[in-house]
Each structure stands twice: as structure tokens, then as C-alpha cells.
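Visitor: I have a model on screen and a few minutes. Can you walk me through it?

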Amino acid sequence: MKIRLHDIEETAKVLYVRALKSLPPDVKAGFDRLAAAETSPRGQATLATMIRNIAVAEDTDNLLCQDTGVPIYNVWIGPGVDVDGAGLKRAIRNGCARATHEHPLRSSIVHPLTRRNEQTSCGIEVPVIHVDFSDKAETLEIEMVPKGSGSENNSFLKMAVPAEGVDAIRTFVVDCVLAAGGKTCPPTIVGVGVGGTSDLCVALAKRAATRPLGTACADPDGAKLERELSSAVNQLGVGPQGLGGDATAFAVHIELAATHITMNPVAVNMQCHSARRARATITPAGIAYGY
Amino acid sequence: MAHHDFTTPVTEVQVRDLVVNDTVTLQGTLYGIRDATQIHMFDRGRRTRFDLAGHAVIHTAPNVKTVTKSAEHPAGYAPICVGTTTSDRMERFTRPLMRDCGVRVIIGKGGLRDESLAAFGELGGVYLAIIGGTAALETTWIEAIEDVDLDDLNPESLWRFRVRDFGPLLVAMDSHGGSLYDTVRDAAAARRAQVLRSLGVTPRGG
């Protein structure tokens, strides 16, 4: 399957806007689950407003949240896909800039030193583009995540040591949720990276934070720890928006990597309640949009 | 837990009447302000031609569309999506915003800290919590972008919105030393030990 770069550009543009407007079904179901279990009247009212906002965004064809985030594109290339890799990255970047001009969207991206905003949602190394490979024949997938800054600003890494054990991971996650309070727009998806190198650990935390709700860590020990921590953080009482209540997190998600005998790294990256993402699957049959 | 309907600007007496857990709905003028706006105003000496005395500001940087100036869009901008950002980053600007500009009401999400709470008490101010991430809803409360200043900082310009039935917003920090964020944070910190025990975390001495 030969990929036309024009299709990639168009898809990258469409995905950015779709992600900003329509929340994935698993996140909507997560809201219903939290709302049904919430015991605090304020928590119930806060969740009800969030749920109402999802409907207003759909009814008015508007963005869910004003934060257009840091645009992240994750690409998976299957066997039999013929694509110019460097061209693909350029096309994604062009699509991202076109979404910003043509919708228009707020460009939230600035140079880190001069703070200059090019008004394109692009800059050095942004949009963030990750390219990986899959086993899906004749299939190219693109996932778009507009990562909100309120939650991104609450990102944490601890290079714990083996003597601190798994307890270091448990304690760190609880303390990060406490430290973040209402700043991350809870209820959040608490993404936890465990193991790897420092950079891989943080990348795993992001992958965990943007994983669909209802999915589990592929490693059984990781999945068990996810369940324990998911229950634990919702005992803290931080609640929706940090205003008190049960619903502090939709879930704690964990992604693992092997690590060194001397290391025990743990990272936390959170996703706000507007846990937006969109996906396009390009096959010989055409382009299908989903989540 | 009284509800108040305010048309801006407001007086010190009106603001001091508010206590945590009250709710407020705003009518009239609302100013949008953000990190860069305040860095330029308070660190770099930029002045605004707007008179913010007695007014409410919201921590925002909206999505807007450039349009031809008209009665409906006097500033040449149409609002697309106007929401709220995390307030905590702008903590150190609360006092100058109140002292130098006379601002009485700050609207945001996630709360401010002790120094802001002290400024609210000393100068007569209040923090109103909006539900973050509900910008589509919030946008329906914005009637127009009336004017804009410091627009070279776009989208972090100083925006003047005309609002209608903006709220209800929750009084989360008042001028009497009350902070809902402190209450929730202290209660959560008190639960930490129990939560760690439930996870089987073994306390280790140093």
C-alpha cells in the first residue's frame, strides 16, 4: 500500500480538530461510572457540569476545553506499507499547522526561551511525533493526543533505588496525586511509568496516561498494582477539580519496562478529565476515523 | 451558602460579604488575563489602558477567530472557545493585580496559595472556582469580545469580555481566611497514612 503524503497531511489536520471536540466513548463511560459512585454532593455537581460540557461541545460543534494542548502524533506502520518517513513527518506538521489556521485553533506552542508563538501550534520538535511499527498488514495508524498543560505541568520522576522496593512506587504515586491536588483538572488518568531508563520511564508514564480506560497493563504484576492504586487514590478525597469528593482519578494506569539491577525508577504523568484522543486507520479500503 | 448575582465592577463591601461555599453569577464585564499578560504588566512595566478597578479577571487564553470589526465583534475577534487555565502558576501576581489595578475578583481553577489568601484578606478580594475543562459550556456565557489590549501577546492578550449569566461560580477562597483548597488538601493529607497502610506500604525508619 503506497501512502500519499497529501492524505497524511489531511488526516493530521482532521485528527487534531476531532480530538479537541469529541471525547472517546471509554472516557464518557468513565464519567458515568464515577458519577454513579460519587458520594459528595459537590463532587456530584462538579461531575455533572463536566458531563454537561461534553454534550454542549457536541451540540455546538465546539472544543471541549480551551487548551489545544501540546499536539502529539503517534504513528504505527504495518508490513506492506510504503511510505516516505521524512515526508510523513513533514505532512503531519503541515496538517497540524493547517488545523490551527483553518479551524482556527489557539496556538499554544511557544519557543521555550523567547516565548515567541508562531501561531501554528508548531515549533522546535513540536508537534511531537512518535513512529513505531505494528503487525497489522497494509495498515498505517495515527493517534492524535492534544495533551493539556494543566495536567502535563504535574509530571514527576523519581529515581528510587532497589532497597526502596515497590513501596517506593506506591508512595510516590499517592504523593504525586496529593501534590497535584486540583491543578491537574481531576478526575485524571494517573499514568505511571515503572522501570527503564529515566527518559523511557517518563515516556511510559505518558503512554499509560493516554491509554484507553478499561485497558490493563500487559504485565500481570503491573495490572495488579494498577488495581490497587486505582482504589487507593480515590480514598484520598481530593475529588473532582480538587474541591473534595471521591472521584480523584478515573484509574491509575501503569506501563512497565525492564530496568537495571541498581535502578527502581518511577514516573507519573497525568491526563486531565478532558482525556482527549483521536485515531485514524489508513488501509487500502480508505481512511477510518475513531478513537 | 448564599447565591449572589453581581454586575461588575463590584465594591469591597460586596466582596467581603462573600464566604467560602457561596456561589456567584456575574453579569457585565469580565477581563481575561494569563501568565504572559501578567509577566509583561508586573515584571516588564507594561501598562494597560483598561481600568480594572473593582473588576473580575479570569485566568484564560481563549480560542478566537479574526473577523471584521462590527457591532457584534467590536474588537475584530469572535470567541470560539473560552475556558479557564490552572491558576497556581500565577500565584505571585495576585497581590499586584489587586494593589496596583484594584482587581477584586479572580476566577480560575485549581486554586491559589497562602500569599493570595493573605492579599484577599488585606485588600478585599475573592477567588471564584470555575469547573476547569468545561470551556464549551463557559463559551455559551460569553456574549462578545468587547476589546483587547496587549494583543502582541496573543493569545495571552488582556481580553475584555461581555458576559451574561456567567456561572454559577463557587467561592473557594474568601477575604476571611477561608480556602476550600486548604480544607480539602489538609483532609487528603490526613488520609495519606491510612491509604498507604491499605496498600501494604511498610513504614521504614531512617
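**Core, interface and one helix**

Visitor: Which residues does Val57(B) touch, leaving out those up to four places away in sequence?
Guide: A word first: this is a predicted model. Contact here means C-beta atoms within 7 Å. On that basis, the partners of Val57(B) are Tyr31(B), Ile33(B), Leu52(B), Leu97(B), Val103(B), Ile106(B) and Ile107(B).

Visitor: Which residues touch the most other members of the largest nonpolar core?
Guide: That core has 136 residues. Both chains appear among its best-connected members. They are Val173(A), Val177(A), Val190(A), Val192(A), Val57(B), Leu128(B) and Ala172(B).

Visitor: Which strand of chain B gives the most to this core?
Guide: The strand covers residues 158-173 of chain B. It gives ten residues to the core. It is β9.

Visitor: Where does this core lie relative to domain 1 and domain 2 of chain A?
Guide: Domain 1 is 5-20 + 64-148 + 275-290, and domain 2 is 150-271. Both give residues to the core, so it lies between them.

Visitor: Why does the radius of gyration of chain A agree with a compact globule?
Guide: Chain A has 291 residues. A compact globule with 291 residues would have a radius near 19 Å. The two agree because chain A has 19 Å.

Visitor: What share of the residues of chain A count as buried?
Guide: Buried means 20 or more other C-beta atoms within 10 Å. Of the 291 residues in chain A, the share that passes is 49%.

Visitor: Which helix gives the most to the side of chain A that touches chain B?
Guide: The contact takes 43 residues from chain A and 41 from chain B. On the chain A side, α3 (41-59), α6 (165-180) and α8 (220-233) each supply at least two residues. With seven residues, the one that gives the most is α3(A).

Visitor: How many residues on that side of chain A are nonpolar, polar and charged?
Guide: The charged class has eight residues. The other two classes are 19 polar and 16 nonpolar. In the order you asked, that is 16, 19 and eight.

Visitor: How far apart are the end C-alpha atoms of α6(A)?
Guide: The helix has 16 residues. At 1.5 Å a residue, it should span 22 Å. The model agrees, at 23 Å.

Visitor: Which elements do the buried residues of α6(A) pack against?
Guide: Those buried residues include Ile169(A), Phe172(A), Val173(A) and Val177(A). In chain A, they pack against β4, β5, α8, β6 and β7. From chain B, the partner is α6 (180-198).

Terms used. Residues numbered from 1 in each chain as written. Chains lettered and ligands numbered in written order. Predicted model: local features only at pLDDT ≥ 70, side-chain atom pairs only at ≥ 80, totals over all residues. Rg over C-alpha atoms; globule rule 2.2 N^0.38 Å. Buried ≥ 20, exposed ≤ 12 C-beta atoms within 10 Å, placed from the backbone. Core = buried A, V, L, I, M, F, W, Y, C linked by C-beta atoms within 7 Å. Helix = DSSP H or I, 4+ residues; strand = E, 2+ residues; numbered from the N terminus. Domains from an automatic or database assignment. Contact = placed C-beta atoms within 7 Å. Nonpolar A, V, L, I, M, F, W, Y, C, P; charged D, E, K, R; others polar. Expected span 1.5 Å × (residues − 1).
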